[in-house]
Amino acid sequence: MKILITGATSGIGRQLALDYHAVGHEVWALGRSPAALAELETLGIHCAQVDLEDREATLEWFAGLETLDLAILSAGNCEYIDLPAFDSALVARVMRANVESLAHSIEGVLPALRHGRNPHLVGIGSSASYLPLPRAEAYGASKAAVAYMLDTLRIGLAAEGIRVSHVAPGFVKTPLTDRNDFPMPCLVTVEQASRAIRKGIAGGKKEIHFPKRFTGTMKLLSVLPRSVWLALARKMVR
Ligand SMILES: NC(=O)c1ccc[n+]([C@@H]2O[C@H](COP(=O)([O-])OP(=O)(O)OC[C@H]3O[C@@H](n4cnc5c(N)ncnc54)[C@H](OP(=O)(O)O)[C@@H]3O)[C@@H](O)[C@H]2O)c1
C-alpha cells in the first residue's frame, strides 16, 4: 500500500510510520521537525516537512501526490485550560492544531485517495470526545469536532468507495502526554497503540478505540445520565 501519515515525526504517528515501513509498505511521513524527518529518511521512509496549519503550503505539497491507498492523519497537540483563567487564545491554538490542520490535510489527501486502491482515510481523534473532561474545554471540543467531521465524511465519501475511520485512543505514552501533570489510567505504549490502530484499519473498523478497559469505561459513563458523570468529574477536580 502507499500510505501517508501526518504527525509522523513523533509519538503515535512515528510508530505507525516505522511499523508500516517495516512490513514493506511505501510510507510518506509528514511533520515539521527536521531532525526527526532526517532520521526517518535514513530508514528509507519518504519524508516531507509541511506545517499543516498553513493551508496554502499544505495544499501545494499535496498537489504533487498522485495516488494514495491509506492516509492516517495523526498530527495534533494538546493544551489544557486552567480555570479561573479561560484563555480564548489557547482555544484558538488548539483548534488550529487539531481541527484546521486536519481539515487542510483532508482537503489535500482526498484527490490522491480518489486514485488509490480500496482507499481509506483515518483520523486520530481522542476518547476525550466521549465525555466532558476537566480542563479539556479546548482539547475535548477540538476532538469532538474531529469525530463529527470524520463521521460526516464517512457518509459523504461512501458513494466514492472511500472508507473513513475515527481513532479514539485513551492515554498513550508520547511527548504529548509526557507533559501531563496528572495520573493517566491505563497508559499504553506507542507500540501497543500502533498495533491496535493497524489491526482496526486492517479490519475496516469505523471506530478504533483502545485500550478497551479505559475507552469502554468512558463509553459506559457517556450513556449513563450525565448527572452521574458530573458528580464523579467534580470529585476528580477537587
Ligand atoms: N498520546 C495520547 O495519549 C493521545 C491520546 C488521544 C489522542 N491523541 C492524539 O494522537 C495524535 C498524536 O499524538 P501524539 O501523542 O503522538 O503526539 P506527539 O508525540 O506530540 O506528536 C504530534 C505530532 O503532530 C505533529 N504536528 C503538530 N502540529 C503540526 C503542524 N502544525 N504541522 C505538522 N505537523 C504537526 C508533530 O510534528 P513536529 O513534532 O515535527 O512538529 C508531531 O509529529 C494527536 O492528534 C493527539 O491529539 C493522543
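This briefing goes through selected features of the structure above, grouped by topic. The model is a predicted one, and every value below is computed from it. Among the points covered are a strand whose five residues are buried, a cluster of aromatic rings, cysteines in a structure with zero disulfides, and the second largest pocket, with a volume of about 230 Å³.

**Strand 1 and its partner**

- Strand 1 covers residues 2–6, and because five of its five residues are buried, the strand is largely enclosed by the rest of the structure.
- Side chains in a regular strand alternate between the two faces of the sheet. Here Lys2, Leu4 and Thr6 point one way from strand 1, while Ile3 and Ile5 point the other way, and all are buried.
- Strand 1 pairs with strand 2 (residues 26–31) in the parallel sense, over four bridges, and within this pairing leucine 4 stands opposite tryptophan 28 of strand 2.
- Isoleucine 5, which lies in strand 1, counts as buried because its relative accessibility is 0%. Between isoleucine 5 and threonine 152 there are 21 Å in space, C-alpha to C-alpha, and the two are 147 residues apart in sequence.

**Aromatic rings**

- The count of aromatic pairs comes to five. One of them joins phenylalanine 171 and phenylalanine 214, whose ring centres are 5.5 Å apart and whose planes make an angle of 50°, so the pair is classed as tilted, since stacked pairs need under 30 degrees and edge-to-face pairs over 60.
- This pair links distant parts of the chain, 43 residues apart: phenylalanine 171 sits in the loop between strand 6 (163–169) and helix 6 (175–178), whereas phenylalanine 214 belongs to helix 8 (residues 212–223).
- Both partners are buried by the 20% cut-off, because phenylalanine 171 has a relative accessibility of 17% and phenylalanine 214 has a relative accessible area of 13%.
- Phe171 and Phe214 are also members of one aromatic cluster, together with Tyr80 and Phe182.

**Cysteines**

- A search of the whole structure finds zero disulfides. For cysteine 78, which is in no disulfide, the nearest cysteine sulfur is that of cysteine 186, at 18 Å.
- Cysteine 78 is buried, with a relative accessible area of 8%, and cysteine 47 is buried as well, with a value of 15%.
- Cysteine 186, by contrast, is partly exposed, with a relative accessible area of 26%, and is found in the loop between helix 6 and helix 7. The backbone of cysteine 186 has a positive phi of about 60°, although the residue is not a glycine.

**Backbone details in the loops**

- The peptide bond from leucine 83 to proline 84 is cis, with omega near 20°, and proline 84 is placed in the loop between strand 4 (70–73) and helix 4 (88–113).
- A cis peptide bond also joins phenylalanine 210 and proline 211, where omega is about -15°; proline 211 is in the loop between strand 7 and helix 8.
- Arginine 135 is a residue other than glycine with a positive phi, near 75°. Its place is in the loop between strand 5 and helix 5, and at 26% relative accessibility arginine 135 counts as partly exposed.
- Serine 129 lies in the loop between strand 5 (120–124) and helix 5 (137–157), and at 21% relative accessibility serine 129 counts as partly exposed, because buried means under 20%. From serine 129 to glycine 170 the C-alpha distance is 11 Å, with their positions 41 residues apart in sequence.

**The second largest pocket**

- The second largest pocket, with a volume of about 230 Å³, is lined by Arg195, Ala196, Lys199, Gly200, Lys205, Glu207, Ile208, His209, Phe210 and Lys212.
- Two elements, helix 7 (190–202) and strand 7 (207–210), give two or more residues to the lining of this pocket.
- By class, the lining of the second largest pocket has five charged, three nonpolar and two polar residues.
- Phe210 therefore appears in two of the topics here, as a lining residue of the second largest pocket and as a partner of proline 211 in a cis peptide bond.

Methods. Residues numbered from 1 in each chain as written. Predicted model: local features only at pLDDT ≥ 70, side-chain atom pairs only at ≥ 80, totals over all residues. Heavy atoms only, no water. 1 Å grid on protein atoms, 1.4 Å probe; cavity = no way out; pocket = protein on both sides within 12 Å on 5 of 7 lines; lining within 4 Å. Points joined across faces, edges and corners; volume = space filled by probe spheres on them. Nonpolar A, V, L, I, M, F, W, Y, C, P; charged D, E, K, R; others polar. Phe/Tyr/Trp six-rings, centres within 6.5 Å; stacked < 30°, edge-to-face > 60°. Buried < 20%, exposed > 50% of the residue type's maximum accessible area, 1.4 Å probe, protein only. Disulfide = S-S within 2.5 Å. Pairing = 2+ DSSP bridges.
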